[in-house]
Amino acid sequence: MSHLAGKVAVVTGAARGIGASTAARLARDGATVAVVDVDEALTKETVAAIVGTGGEAIGVGCDVSDEADVAAAAQRIITEAGSIDILVNNAGVLRDNLLFKMSLSDWDTVLGVHLRGSFLWARKAQETMVANRWGKIVNLSSTSALGNRGQANYSAAKAGLQGFTRTLAIELGPFNINVNAVAPGFIDTAMTRATAARIGVDFTEVKKGIEHEVPLRRAGRPEDVANVVSALCSEDTSYVTGQVVYVAGGPQS
Ligand code: NAD
């Protein structure tokens, strides 16, 4: 499969988890992938895995919530890889707490990485996409957008990304740029493992609960999300834009 040959994809938060899996998948699809994470050293494993299997990747350090960092990273990617054709806004953090215990800094950190970070990268990436009259943007939302106890900050950010997605689809559609969101349910990554550890619950037990609740009777894997991102970047879905695709093993309401 090389339907993305000649394209350059930026995947933020790609050092591990869903981002690493998405970077590997887009590289298998033929794209040159900029593996972006908060520290370039963190990206080494993902880059080595891609290059080791014949793909093309560069590791780029960038705090997505920092405007100057995003501008410098985008410039480096354009200089080294030639363009930005695909953007996957995946970088994420959690600072869960009930509202009455949530600090302003926990609110700002989560909104900063998910919403401000996606805005900064999309605003940069559209420059080359509009010039090329071709682009794909995929934003990582979550089932938490529908509301989740202890996640006022995260839920607001992930719901915000859905409105952001629809609006960019309207603004960028005339330039042949598709903008969609994927909204995963429970995916087995460092993020969900850290949540279990923080609340003092055994991860195996959490997973068992998910396997019982979810209609497809299993927890999600990073590849489940990566495969949908790949599909949304392919020409097979070129008439799909402004959509939120739930990747959650069951319907969401
Ligand atoms: P993860 O914690 O395993 O990975 C997140 C990555 O983002 C890390 O490599 C981290 O270093 C990077 N990152 C954090 N802050 C950053 C910043 N300021 N700049 C650049 N990089 C930064 O998380 P994951 O589970 O792979 O989640 C990936 C995305 O999917 C996130 O947006 C998350 O909210 C979303 N999501 C995850 C789940 C799940 O169940 N795991 C469910 C729904 C949505």
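Helix α6 supplies the largest share of the shell around the ligand, namely 3 residues. I should state at once that this is a predicted model. Helix α6 spans residues 190-198, and two features at its ends deserve a remark. At its start, a side-chain oxygen of Thr 189 comes to within 3.1 Å of the backbone nitrogen of Met 191. After the helix comes Gly 200, which has a positive phi, near 70°. Thr 189 also appears in the ligand shell, as one of the closest residues.

Let me now turn to the shell as a whole. It comprises 29 residues, and the closest are Arg 16, Asp 37, Asn 90, Tyr 154 and Thr 189. Besides α6, the helices α1 (17-28), α4 (104-132) and α5 (152-172) each contribute at least two residues to the shell. In terms of domains, at least three shell residues come from domain 1 (8-185 + 229-245), and at least three from domain 2 (187-219). By class, the surroundings of the ligand consist of 15 nonpolar, 10 polar and 4 charged residues.

Which polar atoms of the protein does the ligand approach? A ligand nitrogen lies 3.0 Å from a polar backbone atom of Val 64. A ligand oxygen is placed 3.5 Å from a polar backbone atom of Gly 92. For Lys 158 the partner is in the side chain: an N or O atom there is 3.0 Å from an oxygen atom of the ligand. As for enclosure, the ligand taken alone exposes 830 Å², of which the protein buries 93%.

I come next to the interior of the protein. The largest nonpolar core has 30 residues, and those touching the most other members are Val 10, Val 36, Ile 77, Ile 84, Leu 87, Trp 121 and Ile 137. Strands β1 (8-12), β2 (32-37), β3 (56-61) and β6 (177-184) are among the elements giving two or more residues to this core, as are helices α3 (67-81), α4 and α5. The greatest contribution is that of α4, with 7 residues. Helices α4 and α5 thus appear in both lists, that of the core and that of the ligand shell.

Finally, one residue of helix α5 merits attention, Ala 157. Is Ala 157 buried or exposed? Its relative accessible area is 0%, so Ala 157 counts as buried, the cut-off being under 20%. Ala 157 is separated from Ser 144 by 13 residues in sequence, and their C-alpha atoms are 9.4 Å apart in space.

Note on methods
Residues are numbered from 1 along each chain as its sequence is written. This is a predicted model: local features need pLDDT of at least 70, side-chain atom pairs count only at pLDDT 80 or more; totals for chains, interfaces and linings use all residues. Side-chain values use heavy atoms; hydrogens and water are left out. A residue is near a molecule or strand if one of its heavy atoms lies within 4 Å of it. A polar contact is a pair of N or O atoms within 3.5 Å; within protein, one must be able to donate a hydrogen and the other to accept it, and residues adjacent in sequence count only if both atoms are side-chain atoms. Accessible areas come from the Shrake-Rupley method with a 1.4 Å probe; for residues, only the protein chains shown count as cover. Helices (H or I, at least four residues) and strands (E, at least two) are DSSP runs, numbered from the N terminus. Ala, Val, Leu, Ile, Met, Phe, Trp, Tyr, Cys and Pro count as nonpolar, Asp, Glu, Lys and Arg as charged, and the others, Gly among them, as polar. Domain bounds come from an automatic or database domain assignment. A nonpolar core is a set of buried Ala, Val, Leu, Ile, Met, Phe, Trp, Tyr and Cys residues joined through side-chain atoms within 4.5 Å. Buried means under 20% relative accessible area, exposed over 50%, partly exposed in between (1.4 Å probe, protein chains only).
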